[in-house]
Amino acid sequence: MTAVPVLQFDVQASGIAAGVVIVDLACDAMPEARSPAAIVIGVDRAGAMPVVNAVDFDLLLTVAPQPTPDWIAMDAAEVDSMLVHLCAQVRGFGLPAAVLAQVLRIGGGLAVAEALLLESFAYSALLGGQAFRDWLLKRVPRAIPSPGTRVRCTREGEILTITLAHPSRRNAIDASMRDELVEHLAFACDDPTLPAVHLRADGADFSAGGDLAEFGGSTDLVLAHAIRTLRSPARLMSTIAARTTAFLHGACVGAGIEIPAAAGRVVVAPDTRFWLPELAMGLMPGAGGTVTIARRIGRRRMLLWALTGRHIDARTALKWGLVDEVRGHG
């Protein structure tokens with residue numbers, strides 16, 4: 001396959017271009033000018049992993065069997081199909097994909113708290129975007145969850161256990177659950193006895209992610225940003241990561257992996273499965289994932305995972321470094 005040219009796609013006749021720049025590292029030079037909204041992919045078909053300025057690339061794909069952390073390895077036959085798939089995804093969700101790439105580019109050089117602020121600014125921007133509005137028009141209406149306790153906190157000896165306790169909604173994270181989780185994590189942060197913190201969940205799934213019934217309910221996106229940053233479970237968990245273990249099982253979707261990825265140790269059951277669905281909604285991970293997940297698996301693999309919309313299993317998550325151990329749930 002010959003070098004793939006710069007591909008740019010007009011977004012909704014607005015004149016704004018979002019697209020993909022694919023650089024064959026055997027024969028192409030980096031383009032001198034490109035849209036800031038372009039995702040730049042370097043491709044090494046020879047398996048040589050040439051010396052490049054990794055900062056210039058959002059993705060670096062190689063066929064080398066043992067890549068360095070900057071590179072993502074795949075079979076030679078997979079490269080072309082992957083590039084076609086990525087171009088199709090960016091064609092369908094150009095600006096959200098570009099915003100995600102930009103946040104990952106910039107956020108990697110920031111402290112955790114500042115990177116979470118950056119993510120939240122970008123997420124609020126996407127909540128006001130046309131792609132998200134289009135998704136809202138197509139979604140199936142869902143009932144608002146009934147009131148009640150969402151999170152349970154118990155202590156036994158030196159272990160404080162925080163449990164997501166709304167299995168009838170697959171532990172979907174609504175505003176009430178988020179606020180209760182923040183309250184218990186803040187208590188753990190302030191506890192002078194410094195207990196070990198275990199994060200668990202009732203029911204068949206750890207968490208189905210953000211409760212879709214509440215999506216699109218915010219009319220003040222500046223206020224939404226303020227709430228998101230002041231009541232961030234991922235931020236609090238990152239401050240006590242050294243003494244925190246998350247125990248996951250079943251489905252971990254969106255926020256259901258973004259938040260526990262902030263724990264110092266993540267232990268999963270063999271049935272655990274993971275998914276980042278936000279791009280298809282015109283959004284990006286917004287519960288801390290551009291920080292928590294990216295710092296576990298690398299920003300490039302995080303971007304590739306979000307762009308492909310792939311479901312991954314426990315074995316793959318362990319290989320990537322998303323989790324630290326796979327063992328029986330209990």
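Is Arg 170 buried, exposed or partly exposed? The close-ups below, all taken from a predicted model, begin with this residue and then move through the helices and sheets.

**View 1. Arg 170 and His 166 share the loop between strand 7 and helix 5.** Arg 170 counts as partly exposed, because its relative accessibility of 40% falls between the 20% limit for buried and the 50% limit for exposed. Its backbone also deserves a look: phi of Arg 170 is near 55°, a positive value in a residue other than glycine. His 166, in contrast, is buried, with a relative accessible area of 10%. Setting aside residues up to four places away in sequence, His 166 touches Pro 145, Arg 150, Asn 171 and Met 177.

**View 2. Strand 6 and strand 7 form a hairpin, and helix 5 lies across both of them.** The two strands run antiparallel and are joined by six bridges. To find your place in the ladder, look for Arg 152, which stands opposite Thr 163 in strand 7. Two residues sit between the strands of this hairpin, where Gly 157 takes a positive phi near 65°. Helix 5 (residues 175-190) lies across strand 8 (196-201) as well, and runs at about 175° to strand 7 (159-164).

**View 3. Six strands make an open sheet with mixed pairing.** Reading across the sheet, the strand order is 6-7-8-9-11-14. Which strands stand at the edges? They are strand 6 (151-156) and strand 14 (325-326); each has a single partner strand, so one side of each is left without a neighbour in the sheet. Within the sheet, strand 9 (residues 244-248) and strand 11 (residues 265-268) pair in the parallel sense over four bridges. A handy landmark for this pair is Ala 246, which stands opposite Val 266 in strand 11. As a reminder for reading such views, strands of a sheet pair through backbone hydrogen bonds, either parallel or antiparallel.

**View 4. A second open sheet has three strands, in the order 10-12-13.** Here too the pairing is mixed. Strand 10 (251-253) and strand 13 (312-313) are the edge strands, and each pairs on one side only. Strand 10 and strand 12 (residues 273-275) run in the parallel sense and are linked over three bridges. In this pair, Cys 252 stands opposite Phe 274 in strand 12.

**View 5. Helix 2 and helix 3 pack with their axes 10 Å apart.** Why are the two helices described as roughly antiparallel? Their packing angle is about 170°, and angles over 145 degrees count as roughly antiparallel, so helix 2 and helix 3 are described that way. On the helix 2 side (residues 94-107), the contact is made by Pro 96, Val 99, Val 103, Ile 106 and Gly 107. Helix 3 contributes Ala 115, Leu 118, Glu 119, Ala 122 and Leu 126. Sorted by character, the residues of this contact divide into eight nonpolar, one polar and one charged.

**View 6. Ser 120 of helix 3 makes a side-chain polar contact with His 225.** Stay with helix 3 (residues 112-127) for this one, and look for Ser 120 along it. At 2% relative accessibility, Ser 120 counts as buried, because the limit is under 20%. The polar contact that joins the side chains of Ser 120 and His 225 spans 2.7 Å. Leaving aside neighbours within four places in sequence, Ser 120 is in contact with Arg 228 and Thr 229 as well as with His 225.

**View 7. Leu 83 is a buried residue of helix 1.** Helix 1 covers residues 76-92, and Leu 83 within it has a relative accessible area of 3%. Which residues does Leu 83 touch, not counting residues up to four places away in sequence? They are Ile 22, Ile 41, Val 43, Arg 45 and Leu 61. Take Val 43 from that list: Leu 83 and Val 43 are 40 residues apart in sequence, and 9.4 Å apart in space, C-alpha to C-alpha.

**View 8. Met 49 has a positive phi in the loop between strand 3 and strand 4.** The flanking strands are strand 3 (38-44) and strand 4 (59-62). Phi of Met 49 is near 45°, and the residue is one other than glycine. Met 49 is partly exposed, with a relative accessible area of 22%.

Key: Residues are numbered from 1 along each chain as its sequence is written. This is a predicted model: local features need pLDDT of at least 70, side-chain atom pairs count only at pLDDT 80 or more; totals for chains, interfaces and linings use all residues. Side-chain values use heavy atoms; hydrogens and water are left out. Buried means under 20% relative accessible area, exposed over 50%, partly exposed in between (1.4 Å probe, protein chains only). A polar contact is a pair of N or O atoms within 3.5 Å; within protein, one must be able to donate a hydrogen and the other to accept it, and residues adjacent in sequence count only if both atoms are side-chain atoms. Contact means heavy atoms within 4.5 Å. Axes are lines fitted to C-alpha atoms, for helices over the stretch in contact, and angles run from 0 to 180 degrees between N-to-C directions. Angles under 35 degrees count as roughly parallel, over 145 as roughly antiparallel, 65 to 115 as roughly perpendicular and the rest as oblique. Ala, Val, Leu, Ile, Met, Phe, Trp, Tyr, Cys and Pro count as nonpolar, Asp, Glu, Lys and Arg as charged, and the others, Gly among them, as polar. Two strands pair if DSSP finds at least two bridges between them.
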